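This report walks through a few local features of one protein chain. Please look over the sequence and the structure before reading on.

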Amino acid sequence: MIYINEGTTLDMSLNSYIYSKSPFIAKGTIDNPIKFYSSDTSAGGILIDRPKTESFFENVHFYNLGQKIEDDLGTTGSVTIFESQIFIKNCKFYNNFSEDALNIVRSRFSISNTSFSNNLRDALDVDFCNGEINNSLFFFSGNDAIDISGSKINLNQIEINYTNDKGISVGESSNLYAQNVKIHNSKIGIASKDLSNVQIDDLKIKASEIGLAVFQKKSEFGPANLNITKGVLFNCNIDYILEDRSNLTL
């Protein structure tokens, strides 16, 4: 077990990275957060690999990480959680350079009151997980804000602004239930694809190129479903695209 006290600052410079098979207990405070960063932007990142017990991150900032992550660790996240259970609360992920600012794989997780901003590519990538994301913000994502594959996920009170690809991407037989979602200025607001089932209650999408997309992308899967209640689309160039055999209810 690795314990990190409030106010701890770790500068991961000179191509350094963290690989741990032990869980983290990192609990800062709002006024005195814990910080993982790289002053020279060379850091590989952080990998927590199959610890025996759960990890906790509270009031922790992760930034300027992931420049060499794929070379050093063979992963795609500035922070990667693999086959674990993790709780993330009141954290910030920003200015990260990797394919994913946070990548959670084959894990159970809870994320709450957390922000993702100015990340070069995907903000959050979830693969083959069970989890929930509550009251969290996503700003200026280079690719997707939330990318979900092969997972069962609940979302509540999510705000997404300015993504260069998809606000929420759901694929590979995922199941998503979401409430109170706002998406502004994305290339695609919501994408449901490849045998995924998406249910969203209270959705607002504004000023996006495509509001909703439902389709099959990969030949080994099939058509997808998207069901929205209390959904409103404002000023989208195209409200929706719907492929044959997929289903959209708005």
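The text below takes up aromatic rings, single residues, backbone angles and a pocket, in that order.

**Aromatic rings**

The model is predicted. It contains 10 aromatic pairs. In one of them, the ring centres of Tyr63 and Tyr94 are 4.8 Å apart and the planes meet at 5 degrees; the pair is stacked because planes under 30 degrees apart count as such. Tyr63 belongs to strand β8 (residues 60-63) and Tyr94 to strand β11 (residues 92-94), so the pair ties together parts that are 31 residues apart in sequence. Tyr63 is buried, at 14% relative accessibility, whereas Tyr94 is partly exposed, at 22%.

Ring pairs also join Phe24, Phe36, Phe57, Phe62, Phe93, Phe116 and Phe138 into a cluster. Another aromatic residue, Phe56, has a charged neighbour: Lys27 lies over the face of its ring, at 5.1 Å from the ring centre.

**Single residues**

Ile4 is placed in strand β1 (residues 2-4). With a relative accessible area of 14%, Ile4 is buried. Leaving out residues up to four places away in sequence, Ile4 touches Phe24, Ile25, Ala26, Lys27, Ile34 and Phe36. Two of these contacts, Phe24 and Phe36, belong to the ring cluster, and Lys27 is the residue over the face of Phe56. Ile4 and Lys217 are 213 residues apart along the chain, and 43 Å separates their C-alpha atoms.

Thr53 sits in the loop between β6 (45-49) and β7 (55-58). A relative accessibility of 37% makes Thr53 partly exposed. Beyond its neighbours within four places in sequence, Thr53 is in contact with Met1, Pro23 and Ser84. From Thr53 to Glu83 there are 30 residues in sequence and 10 Å in space, C-alpha to C-alpha.

Ser112 is found in strand β13 (residues 108-112). Ser112 has a relative accessible area of 15% and is buried. Apart from residues up to four places away in sequence, Ser112 touches Ile88, Lys89, Asn90, Asn134, Asn135 and Ser136.

**Backbone angles**

One of the contacts of Ser112, Asn135, has a positive phi although it is not a glycine. Asn235 has a positive phi as well, and is likewise not a glycine. The table sets out both residues.

| Residue | Phi | Place | Relative accessible area |
|---|---|---|---|
| Asn135 | near 50 degrees | strand β16 | 39%, partly exposed |
| Asn235 | about 55 degrees | loop between β22 (225-234) and β23 (238-242) | 65%, exposed |

**The largest pocket**

Rolling a probe the size of a water molecule over the atoms shows where empty space is left. In this model the largest pocket holds about 190 Å³ of space. Which residues line the largest pocket? The lining is made by Gln85, Ile86, Phe87, Arg108, Phe109, Ser110, Asn130, Gly131, Glu132, Lys152 and Asn154. Two or more lining residues come from each of β10 (85-89), β13, β16 (130-141) and β18 (152-171). Sorted by class, the lining has 3 nonpolar, 5 polar and 3 charged residues.

Two of these elements have appeared above: strand β13 holds Ser112, and strand β16 holds Asn135.

Definitions and conventions
Residues numbered from 1 in each chain as written. Predicted model: local features only at pLDDT ≥ 70, side-chain atom pairs only at ≥ 80, totals over all residues. Heavy atoms only, no water. Phe/Tyr/Trp six-rings, centres within 6.5 Å; stacked < 30°, edge-to-face > 60°. Helix = DSSP H or I, 4+ residues; strand = E, 2+ residues; numbered from the N terminus. Buried < 20%, exposed > 50% of the residue type's maximum accessible area, 1.4 Å probe, protein only. Lys NZ or Arg CZ within 6 Å of the ring centre and 35° of its normal. Contact = heavy atoms within 4.5 Å. 1 Å grid on protein atoms, 1.4 Å probe; cavity = no way out; pocket = protein on both sides within 12 Å on 5 of 7 lines; lining within 4 Å. Points joined across faces, edges and corners; volume = space filled by probe spheres on them. Nonpolar A, V, L, I, M, F, W, Y, C, P; charged D, E, K, R; others polar.
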